[in-house]
Amino acid sequence: MTTLAIQSLGTPAKQRLRRGLLAAMAVLGFGGQVPAVLAQASPPSPPMPASVTAFPYYHAQHVLNGLYGLHLPPRAEAFRAETKQLSAALASECNAAAAPALQAQWLRVVESWQALATPAIGPVLSRRSQRAINFWPSRPNLLEKALARRPSTLKDLVRIGTPAKGIPALEWLLRRPLTPETCAYAGLLSQDLEAEAAGISIELSKLAASVKEANRESEEEGSILGPMFGEWVNQWLGGWEQLRWAYIEQPLQKARTRQSSPEFARQDAAANLAEWRVQWQALQLQARLAPEQLRAPPQPNEALISIEALLMGKGQMALAGRWAKALDKVQVRMEALAPRAQGFDAKELMALSREMKAVTVLFQNEVAQALDVPLGFSDADGD
């Protein structure tokens with residue numbers, strides 16, 4: 001369990017007032033500009049005037065209420081709906097003619113999954129869902145053995161290894177000839193995804209209720225809010241590094257060592273890019289303010305509270321500005337990516353990774369300290 005010393009818990013009223021005044025003074029004295037921010041996959045906004053509204057001082061419960069009460073539930077339901085849609089499509093029509101539509105629906109499952117699971121917190125982390133349904137790369141030899149067993153129920157899947165199940169295994173199946181055996185196994189794997197999605201939704205509802213209950217006990221020793229806040233901060237960094245290293249740079253480094261083509265998580269370049277962008281957008285939502293939020297700051301318990309909002313609320317205006325600029329540089333690189341006939345340009349991907357690494361260093365050296373959260377081993381629950 002991550003330990004945490006957080007100023008927002010048990011802060012005396014006078015200290016809160018003093019910090020609020022300092023934050024307001026810092027906003028009004030910020031040299032006439034606020035760094036440009038971006039909406040999801042949108043161009044950076046123009047500089048804001050000096051009369052930006054002062055931000056409230058956010059507490060841990062405000063962040064957690066935004067995450068578990070507002071942000072994650074609709075994403076969990078979207079993932080559940082997309083898995084159901086894939087199962088229905090596989091049951092109704094699974095043949096060569098339907099393959100493109102099935103592959104497109106599979107990609108929607110991937111995107112809804114990453115929107116929910118990036119970063120991995122709450123039930124996604126506690127259930128180890130990433131390893132259970134998104135272990136990659138898949139193992140074709142294990143998939144062939146699994147197909148030969150002809151499993152017919154979800155109980156049968158328990159005896160099949162993780163690399164032969166989940167999202168990567170489904171992609172492999174949908175890109176091979178769709179025989180009745182292949183379709184039956186793909187349908188079973190999709191039902192397994194449905195079951196996991198349902199489990200996440202149920203546990204997420206329970207966790208949201210626990211956070212609400214803990215709000216009434218936040219001043220008491222043993223509250224879950226502090227550790228949960230610390231988990232989110234650490235896991236955000238874990239999700240960022242998983243995208244930067246595991247999904248993008250590591251395949252390049254391995255390919256260079258082996259003198260071969262890089263093996264990314266997905267077989268199709270367009271699918272890889274779509275997945276990277278969804279992960280990036282999910283992380284950005286929790287890291288950045290939307291342009292309109294500089295004029296009307298997100299209100300406690302009414303909106304998702306991002307890392308930038310936390311910094312602004314603490315009066316860390318200069319750091320918030322550098323944080324925004326560092327993320328903007330990643331946005332420019334990410335939006336410029338485009339698959340080519342031979343895959344991706346390795347130089348472009350490495351340039352993206354370097355910009356992402358700069359965000360990592362800033363987070364480790366300054367942002368986490370400003371948030372009063374010690375960084376430790378972050379189990380991003382990947383592979």
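Helix 10 spans residues 225-258 and contains 34 residues. From its first C-alpha to its last it reaches 46 Å, close to the 50 Å expected at 1.5 Å a residue. These values come from a predicted model. Helix 10 bends by about 45° at glutamate 249. A proline, proline 251, follows within four residues of that bend. Of the 34 residues of helix 10, 25 are buried, so this helix is largely enclosed by the rest of the structure. After helix 10 comes glutamine 259. The phi of glutamine 259 is positive, near 55°.

The chain as a whole was examined next. It has 14 helices and zero strands. Read from the N terminus on, its elements run α-α-α-α-α-α-α-α-α-α-α-α-α-α. The chain has 383 residues, and buried residues make up 52% of them. Contacts with a separation of 6 or more were also considered. Residues 24 or more positions apart account for 77% of these contacts in the chain.

Leucine 107 gives one example of a pairing across the sequence. This residue lies in helix 3, which covers residues 99-117. Leucine 107 and alanine 271 are 164 residues apart in sequence. In space, they are 6.8 Å apart, C-alpha to C-alpha. With neighbours within four places in sequence left aside, leucine 107 is in contact with Ala271 and Ala274. The relative accessible area of leucine 107 is 21%. Buried means under 20%, so leucine 107 counts as partly exposed.

Empty space inside the model was searched for as well. Rolling a probe the size of a water molecule over the atoms shows where empty space is left. A search of the whole structure finds two cavities of 30 Å³ or more. The second largest cavity has a volume of about 40 Å³. Its lining is formed by Leu72, Leu116, Pro119, Ile121, Pro123, Val124, Ile200 and Leu204. By class, this lining has eight nonpolar residues. Polar and charged residues are absent from the lining of the second largest cavity. Two helices, helix 4 (123-126) and helix 9 (180-215), each supply at least two residues of that lining.

Conventions: Residues are numbered from 1 along each chain as its sequence is written. This is a predicted model: local features need pLDDT of at least 70, side-chain atom pairs count only at pLDDT 80 or more; totals for chains, interfaces and linings use all residues. Side-chain values use heavy atoms; hydrogens and water are left out. On a 1 Å grid over the protein atoms alone, a cavity is a set of points where a 1.4 Å probe fits but cannot get out, and a pocket is an open set with protein on both sides within 12 Å along at least five of seven lines; lining residues have an atom within 4 Å of a point. Grid points are joined across faces, edges and corners, and a volume is the space filled by probe spheres set on the points. Ala, Val, Leu, Ile, Met, Phe, Trp, Tyr, Cys and Pro count as nonpolar, Asp, Glu, Lys and Arg as charged, and the others, Gly among them, as polar. The expected span of a helix is 1.5 Å times one less than its number of residues. The bend at a residue is the angle between axes fitted to the seven residues ending there and the seven starting there. Buried means under 20% relative accessible area, exposed over 50%, partly exposed in between (1.4 Å probe, protein chains only). Contact means heavy atoms within 4.5 Å.
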